[in-house]
Amino acid sequence: MSNLSTGKASERIAGLLDAQSFVEIGSYVTARSTDFNLAEKETPADGVITGYGTIDGNLVYVYSQDASVLGGSMGEMHAKKISNVYALAMKMGAPVIGLVDCAGLRLQEGTDALQAFGELYKNQTDASGVIPQITAVFGTCGGGMGVVPALTDFTFMEKDNAKLFVNAPNALDGNIVSKCDTASAAYQSETIGSVDVAASEAEIFEEIRTLISVLPANNEDDMSFDECTDDLNRVCDGLENCAGDTSIALSMISDDNFFFETKRAYAKEMVTGFIRLNGNTVGAVANRSEVCDEEGNVTETFDGVLTSAGCRKAAEFVEFCDAFNIPVLTLTNVKGYKANMHQERKIAKAVAEMTYAFANATVPKVNVIVGSAFGSAYVAMNSKSIGADVVFAWPNASIGMMDAKSAVKIIYADEIEKAENGAVLVNEKAKEYAELQSSALSAARRGYVDNIIDAQDTRKYVIGAFEMLFTKREERPAKKHGTV
């Protein structure tokens with residue numbers, strides 16, 4: 001049932017939730033302050049519709065800001081209504097979805113608005129890692145309100161008209177909006193990485209509904225399981241050709257080719273998202289060296305190395321999966337680190353954050369080495385040495401300090417210089433080095449790889465590994481929390 005009022009805010013709720021499932025809470029609440037003639041102004045529901053409903057039958061809590069009421073500005077009662085939704089969601093263990101269209105803090109309410117706004121931050125913080133939090137920005141989301149999406153787990157943004165910022169583009173020294181629109185969906189999704197999906201309003205609703213279908217309701221009760229109708233032993237023909245664009249590889253091994261990619265326009269050299277294996281939600285992290293279109297044509301290429309943006313993207317995703325007990329699969333294909341002045345300023349810290357996220361996660365962790373796995377970049381990508389439970393490798397994978405030819409040029413530098421035909425010697429020694437030190441077989445002999453599998457059988461082996469790890473329990477040293 002619903003006592004939902006009319007207007008854009010209510011239309012958005014209706015577009016998101018199951019038909020006739022929404023129940024409004026706090027519809028009679030209005031602004032409490034009377035300063036600056038507020039008592040003379042109509043503030044129905046104080047500019048935000050709050051309540052609960054269902055998505056595919058799953059309980060969710062929703063708030064939708066109404067820009068027709070004082071620009072959707074957040075006053076004291078407005079913020080308190082949202083906090084009340086969070087309190088109910090925490091009691092029931094259900095996700096919170098915010099539909100944002102807000103002019104910012106309501107200046108007429110001053111410290112009362114600030115106090116209530118701070119309480120909302122606190123409630124979001126308490127809910128982090130307990131219930132999934134999703135934000136969709138449809139209009140303006142600026143100033144302190146810009147922090148709200150950053151405190152949530154996933155952010156969607158209307159691609160044409162929405163604005164997300166702390167300081168407006170024209171307020172930045174040396175910038176104007178025509179020069180660089182830092183508040184646009186394109187900038188926020190592609191350059192900043194604060195937005196998972198930029199799309200039309202209707203597409204956002206569909207994307208959120210899909211995301212809710214694979215997420216657990218909370219950190220204790222996994223309601224995301226779905227019946228698997230796909231063959232568990234399905235052979236993935238041609239999977240070895242997807243070592244470059246691992247987003248395609250993940251889709252191929254997933255049940256019914258399902259893949260929900262997060263932060264899809266940001267740091268594309270690192271893929272993150274959710275797949276299903278035997279009906280269970282699995283978080284996936286993969287290196288990517290190319291992007292292919294639907295016809296299989298390569299549209300973008302990358303160096304096959306770790307970047308600071310890619311590492312932070314992976315770290316945040318793994319931390320979310322660990323908080324909600326979602327197993328993690330990695331597809332590793334990495335040669336080293338991006339080398340330039342810009343990256344050198346922050347790459348070490350970013351790699352440390354990703355390494356910590358993988359090593360600290362206690363959920364089941366499986367790694368498949370699909371290409372190169374060189375140096376400490378490989379170690380950071382969920383290797384067995386930092387805690388992967390099971391590691392597979394494709395037959396042609398290379399695992400070691402560096403590629404064989406580079407290693408040989410260092411080890412045999414003097415011999416190569418003196419040789420009549422240095423290139424021939426390099427090739428001979430590289431073949432020997434690869435067999436001894438950088439092949440999948442040499443790593444398996446040392447116990448760093450558990451099994452060498454044909455690429456086409458990856459789905460079967462990965463499903464089997466996660467089934468074996470289903471009851472995994474792992475104790476860690478007693479501490480309040482880490483500091484990385």
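The crossing of H12 and H14 is right-handed, a crossing being right-handed if the near helix is turned clockwise from the far one by less than a right angle, and left-handed if anticlockwise. These helices, like the strands I shall mention, are DSSP runs numbered from the N terminus, with at least four residues (H or I) for a helix and at least two (E) for a strand. H12 and H14 pack at an angle of about 110°, and their axes are 8 Å apart. H12 is therefore roughly perpendicular to H14; angles of 65 to 115 degrees count as roughly perpendicular, under 35 as roughly parallel, over 145 as roughly antiparallel, and the rest as oblique. The axes are lines fitted to C-alpha atoms over the stretch in contact, with angles running from 0 to 180 degrees between N-to-C directions.

I should state that this is a predicted model, in which local features need pLDDT of at least 70 and side-chain atom pairs count only at pLDDT 80 or more, while totals for chains, interfaces and linings use all residues. Residues are numbered from 1 along each chain as its sequence is written, and side-chain values use heavy atoms, without hydrogens and water.

Let us turn to the surroundings of H14. In this helix, residues 422-438, the buried residues are Gly422, Leu425, Val426, Ala430, Tyr433 and Ser438, buried meaning under 20% relative accessible area with a 1.4 Å probe and protein chains only. Their cover includes strand S17 (398-400) and helices H12 (404-411), H13 (413-418) and H15 (440-445), where contact means heavy atoms within 4.5 Å.

A second helix pair follows. Helix H8, residues 308-323, packs with helix H10, residues 347-360, at an angle of about 20°, the axes being 8 Å apart. H8 and H10 are therefore roughly parallel to each other. Their crossing is left-handed. On the H8 side the contact includes Cys311, Ala314, Ala315 and Val318, and on the H10 side it includes Ala350, Val351, Met354 and Phe358.

Finally, I come to asparagine 287, which is found in strand S11, residues 280-287. Is asparagine 287 buried or exposed? Asparagine 287 counts as buried because its relative accessibility is 4%. A polar atom of its side chain lies 2.9 Å from the backbone nitrogen of asparagine 333. Leaving aside neighbours within four places in sequence, asparagine 287 is in contact with residues including Gly244, Thr246, Glu269, Leu331, Asn333 and Met381.

Terms used. Buried means under 20% relative accessible area, exposed over 50%, partly exposed in between (1.4 Å probe, protein chains only). A polar contact is a pair of N or O atoms within 3.5 Å; within protein, one must be able to donate a hydrogen and the other to accept it, and residues adjacent in sequence count only if both atoms are side-chain atoms.
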